[in-house]
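Visitor: Hi, I'm new to looking at proteins. Could you walk me through this one?

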Amino acid sequence: MPPTKYDPNSELEQPVTLPSAPQILLQSKSKIILQPPLSRRGHGPGLIVFLPDFQNTSLDEFKLTSKKLLDPEPVQKWAEEGFAVVGIYENQEQNIQDTLQLAISALIELDSVDIKDKFGVIIYDGERLPVVLEAIAKQQHITCLVSYGTPCDLECPVPLLSHIPNTALVPATNNHQSYTRYTYPTSGRFFVLPQCEDYHAGSAGVSHSRSLVFLRKHIGGPHFDLEAIWDEHTYFEFEIRSVAKTMGTMMTGGIGRDNLTAFYRDHFIFSNPADTSIEPVSRTVGADRIIDEFIFSLTHDRIVDWLLPGVAPTGKKLSIPMMSVVNVRGDRLYHEHIWWDQAGALKQVGILPSHLPHPLTGESTRLPITGIEAARLLVDETDGESNEMLEESWGVNQ
């Protein structure tokens with residue numbers, strides 16, 4: 001039997017070792033660092049990223065923000081994806097060819113780099129693209145390039161993926177056949193950098209997923225079993241009910257591990273009734289996301305903080321259609337977006353009426369909601385009647 005309450009002395013609740021690999025300073029004058037992989041696996045392919053120097057840039061449009069965002073800066077982000085990352089913070093005095101050779105040599109010598117002959121490059125300031133292209137042409141270890149902010153109208157010696165704002169002037173032609181370009185609904189060319197006012201979360205997320213697919217294709221990794229990672233997480237949550245082991249599968253970002261641990265300990269894992277179960281309906285697996293449809297069932301015999309906060313137990317059996325969008329970064333969860341029919345849940349516990357007065361006419365109006373019927377139809381489309389809310393008017397007009 002899984003535990004029914006949190007026991008800090010339990011073997012299941014002993015601290016889980018988290019990924020930790022200190023940065024290595026390769027060159028202080030030009031600010032070049034090496035970050036080993038920050039995945040639980042601890043090894044992976046190599047990546048070189050060119051970044052503006054956030055403290056010493058002279059670019060007028062590069063404005064830093066004071067907001068605290070959950071998205072980490074690029075070196076950490078790509079290390080969490082399982083790459084060993086050389087971060088090169090650009091300045092005008094750098095010899096890009098020498099800098100690139102330094103980065104390649106450092107990756108080759110690092111024990112945690114498991115692919116020694118294929119490295120990718122990402123450049124976050126597209127204005128420096130021409131000089132980086134010239135340097136890449138002389139390096140056989142570079143197999144692909146990702147560029148942010150500025151379209152490319154030059155010949156590139158390797159496959160190129162470009163992410164640009166929709167206000168950028170796009171060349172009519174391109175001299176490189178292996179060139180893929182995406183545009184995003186934002187005007188600033190630093191839209192992917194969380195330190196900047198230009199940062200646009202949706203565009204940053206979509207472009208990151210596209211870059212990940214591109215890099216894996218041309219470098220050969222890293223590849224993780226996303227389903228196994230998600231199933232491991234839910235096993236710790238619902239089967240053995242271990243806060244420590246659940247937290248070991250997750251990142252915490254700006255929320256903080258202590259706050260997230262407190263939520264899982266005090267308001268989630270042990271708030272779920274003993275008969276809680278999940279019935280899968282469908283699963284879609286992408287490059288860095290899993291989307292699950294499922295039926296979440298339980299007997300409402302206690303206050304379930306995360307689902308029905310403050311609602312006293314009713315003893316009713318609930319079956320709620322849910323959907324989760326789970327972002328996996330490397331081999332840990334980055335976020336879970338979970339959606340459910342809250343009106344249906346409230347109807348099933350009996351605190352949401354079927355009719356309410358219309359706010360304008362005062363007439364009794366049926367609420368367009370349903371209860372357990374939605375769950376039954378989601379599992380078996382023949383188990384009930386569809387479109388009952390439409391009454392007799394829902395058929396095809398002749």
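Guide: Sure, let's begin with a term: helices and strands here are DSSP runs, with at least four residues for a helix and at least two for a strand, numbered from the N terminus. S147, for instance, is found in strand β6. Keep in mind that this is a predicted model.

Visitor: Okay, is S147 buried or exposed?

Guide: S147 is buried, because its relative accessibility is 0% and the cut-off for buried is under 20%.

Visitor: And what is S147 in contact with?

Guide: Leaving aside neighbours within four places in sequence, S147 is in contact with I123, G126, L129, L160, L161, S162 and H163. L129 from that list is also one of the buried residues of helix α3, which spans residues 129-136.

Visitor: Which other residues of α3 are buried?

Guide: Besides L129, they are V132, L133, A135 and I136. They cover an arc of only 165° around the axis, so they sit on the same side of α3.

Visitor: What do those buried residues pack against?

Guide: They pack against strands β3, β5 (119-123) and β6, plus helix α2 (96-109).

Visitor: Let's zoom out. How many helices and strands are there in the chain?

Guide: The protein chain has nine helices and 14 strands. It runs to 398 residues, and 47% of them count as buried.

Visitor: What about the surface?

Guide: The accessible surface of the chain is about 19,900 Å², and 51% of that belongs to carbon and sulfur atoms. One nonpolar patch on the surface is formed by V281, L378 and V379, with about 180 Å² of accessible area together.

Visitor: Where does V379 lie?

Guide: V379 lies in helix α9, residues 372-379. With a relative accessible area of 41%, V379 is partly exposed.

Visitor: Now the inside. Which residues touch the most other members of the largest nonpolar core?

Guide: Those are V49, W78, F83, I122, Y124 and L215, out of 31 residues in that core. At least two core residues each come from β3, α1, β4 (84-90), β6 (142-148) and α4 (201-219). Helix α4 gives the most, with five residues.

Visitor: You mentioned F83. What is F83 in contact with?

Guide: Quite a list! Not counting neighbours within four places in sequence, F83 is in contact with Q35, P36, P37, P45, G46, L47, W78, L212, L215, I219, G221 and P222. Two of those, W78 and L215, were also named among the core residues that touch the most other members.

Visitor: P37 is in there. Does another residue you like touch it? Which one?

Guide: G44 touches P37, along with G82, S112, V113, D114 and I115, again not counting residues up to four places away in sequence. You'll find G44 in the loop between β2 (32-35) and β3. G44 is buried, with a relative accessible area of 0%. The C-alpha atoms of G44 and A79 are separated by 9.1 Å, and these residues are 35 apart along the chain.

Visitor: Switching topics: how many salt bridges does the structure hold?

Guide: It holds 13 salt bridges. In one of them the side chains of D71 and R329 meet, at 3.8 Å from N to O. That pair links distant parts of the chain, 258 residues apart: D71 is in the loop between β3 (46-52) and α1 (74-80), while R329 is in strand β11, residues 317-329. Both D71 and R329 are buried.

Visitor: Which residues are linked with D71 and R329 in a network of salt bridges?

Guide: K77 and E80 are linked with them in that network.

Visitor: Got another salt bridge?

Guide: D275 forms one with K317, the closest N and O atoms being 3.3 Å apart. D275 lies in the loop between α7 (257-268) and β9 (277-285) and K317 in strand β11, so the pair ties together parts that are 42 residues apart in sequence. D275 is partly exposed at 30% relative accessibility, and K317 is partly exposed at 45%.

Visitor: One more, with R283: which residue does R283 meet in a salt bridge?

Guide: R283 meets D292, at 2.8 Å from N to O. R283 is partly exposed at 32% relative accessibility, whereas D292 is buried, at 9% relative accessible area.

Visitor: Last thing: how far apart in sequence do contacts reach?

Guide: Looking at contacts between residues at least 6 apart in sequence, 60% join residues at least 24 apart.

Technical notes:
Residues are numbered from 1 along each chain as its sequence is written. This is a predicted model: local features need pLDDT of at least 70, side-chain atom pairs count only at pLDDT 80 or more; totals for chains, interfaces and linings use all residues. Side-chain values use heavy atoms; hydrogens and water are left out. A salt bridge is a side-chain nitrogen of Lys or Arg within 4 Å of a carboxyl oxygen of Asp or Glu. Buried means under 20% relative accessible area, exposed over 50%, partly exposed in between (1.4 Å probe, protein chains only). Patches are made of residues with over 30% relative accessible area and no salt bridge: like charges are joined within 9 Å, nonpolar side chains (Val, Leu, Ile, Met, Phe, Trp, Tyr) within 5 Å. Accessible areas come from the Shrake-Rupley method with a 1.4 Å probe; for residues, only the protein chains shown count as cover. Contact means heavy atoms within 4.5 Å. A nonpolar core is a set of buried Ala, Val, Leu, Ile, Met, Phe, Trp, Tyr and Cys residues joined through side-chain atoms within 4.5 Å. The arc is that of the directions from the helix axis to the C-beta atoms.
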